[in-house]
Amino acid sequence: MVEELVAAGAVLASAGAVYVMAAARVVKQYERGVVFRLGKLRSEVRGPGFTMIVPGIDKLRKVNMQIVTMPVPGQEGITRDNVTVRVDAVVYFKVTAPAEAIVRVEDYRFAVAQMAQTSLRSIIGKSELDDLLSDREKLNQGLELMIDSPAVEWGVTIDRVEIKDVSLPETMKRSMARQAEADRERRARVINADAELQASKKLAEAAKEMSEQPAALQLRLLQTVVAVAAEKNSTLVLPFPVELLRFLERAQPAPGAVQQPVQEQLPSPAPRLDPGQEGSISGQD
């Protein structure tokens with residue numbers, strides 16, 4: 001009799017151990033458990049730790065509550081200014097309502113991925129190329145709103161959306177490079193012209209000051225000579241007065257004038273005397 005009781009107890013203990021092993025579940029810290037009893041959703045969501053279910057009747061579905069990083073495949077589209085581009089993005093989302101994420105949508109990951117691709121194509125068609133290249137923050141916010149609106153009903157919250165890369169055709173890249181080069185050249189010319197204007201104003205002021213003090217011009221000339229001589233080269237600098245050039249310019253005859261030849265003045269011939277006069281002149285002498 002005792003042996004039978006011991007055997008029955010052993011059987012019950014074994015059955016209890018098997019039951020506990022079949023009913024025991026462990027939910028991790030970053031997970032939540034959704035229980036279906038006979039196919040009906042239980043309102044209680046199991047938290048992290050050890051939990052029990054009814055084997056054969058209950059079914060536990062674990063839902064990851066961590067932020068999921070999902071890359072969005074590159075989508076080709078035509079922008080509003082008729083430029084063909086290929087845009088890649090990444091979506092960060094997490095489950096906030098585990099029961100709705102399991103019940104309302106068959107596969108919330110696949111649903112979010114498809115919604116992200118559709119929204120990305122839509123945002124490409126509504127934007128211009130300059131916005132895709134320079135104003136990505138605004139596009140990221142618009143893309144996040146487009147994905148988050150239907151995802152809220154699925155128990156999913158979009159944390160953020162980032163546009164990773166914008167691929168352009170080679171012809172468009174060359175055109176943009178030429179445009180950037182032309183813009184840089186234009187700015188360089190404007191800066192150079194502005195510098196020339198400022199330098200001319202300063203030089204005009206310096207010339208005005210030097211005109212009042214002629215010695216200042218000579219000192220400036222000597223400074224130039226010293227600067228050239230400091231290089232230890234074979235260049236010879238000879239100061240040449242500008243006034244001399246102006247004098248030579250005034251002395252040069254006009255191109256149409258004809259120069260008159262200079263006639264030599266010969267001595268006048270001596271007066272011719274008669275023979276009688278010659279004797280009288282010699283007698284007087």
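Strand S2 (residues 31-37) and strand S5 pair in the antiparallel sense over seven bridges, where two strands count as paired if DSSP finds at least two bridges between them. Helices (H or I, at least four residues) and strands (E, at least two) are DSSP runs, numbered from the N terminus. The model is a predicted one, in which local features need pLDDT of at least 70 and side-chain atom pairs count only at pLDDT 80 or more, while totals for chains, interfaces and linings use all residues. Residues are numbered from 1 along each chain as its sequence is written, and side-chain values use heavy atoms, with hydrogens and water left out.

Within the pairing of S2 with S5, Val34 has Arg61 of S5 as its bridge partner. These strands belong to an open sheet of three strands in the order S3-S2-S5, with antiparallel pairing. Its edge strands are S3 (40-46) and S5 (58-64), each of which pairs on one side only. On average, neighbouring strands of this sheet are turned by 25° against each other, direction ignored; axes are lines fitted to C-alpha atoms, for helices over the stretch in contact, and angles run from 0 to 180 degrees between N-to-C directions.

Another open sheet consists of three strands in the order S6-S7-S8, and the pairing is again antiparallel. Strand S6 (68-78) and strand S8 (156-167) form the edges, each pairing on one side only. From one strand to the next, the twist averages 25°. S6 and S7 are joined in the antiparallel sense by nine bridges, and Val72 is paired with Ala89 in S7. The two strands form a hairpin with five residues between them, and Asn82 in the turn has a positive phi of about 65°. On the other side, strand S7 (residues 84-95) pairs with S8 in the antiparallel sense over ten bridges. Arg86 stands opposite Ser167 in S8, and Tyr92 stands opposite Arg160 of that strand. In a regular strand the side chains alternate between the two faces of the sheet.

Two helices pack on the S6-S7-S8 sheet. Helix H3 (residues 108-126) touches S6, S7 and S8, and its direction makes about 35° with that of S6; contact means heavy atoms within 4.5 Å. Helix H5 (residues 136-151) touches S7 and S8, with a direction at about 140° to that of S8.

H3 and H5 also pack against each other, at an angle of about 140° and with their axes 9 Å apart. The two helices are therefore oblique to each other, given that angles under 35 degrees count as roughly parallel, over 145 as roughly antiparallel, 65 to 115 as roughly perpendicular and the rest as oblique. On the side of H3, the contact is made by Met115, Ala116, Ser119, Leu120, Ser122 and Ile123, and on the side of H5 by Leu139, Leu143, Met146, Ile147 and Pro150. These residues divide into nine nonpolar, two polar and no charged, with Ala, Val, Leu, Ile, Met, Phe, Trp, Tyr, Cys and Pro counted as nonpolar, Asp, Glu, Lys and Arg as charged, and the others, Gly among them, as polar.

Ser127 lies in the loop between H3 and helix H4 (129-134). With a relative accessibility of 4%, Ser127 counts as buried (under 20% relative accessible area, with exposed over 50% and partly exposed in between; 1.4 Å probe, protein chains only). Leaving aside neighbours within four places in sequence, Ser127 is in contact with Thr79, Arg80, Leu132 and Leu139. Of these, Leu139 is also one of the H5 residues in the contact with H3.
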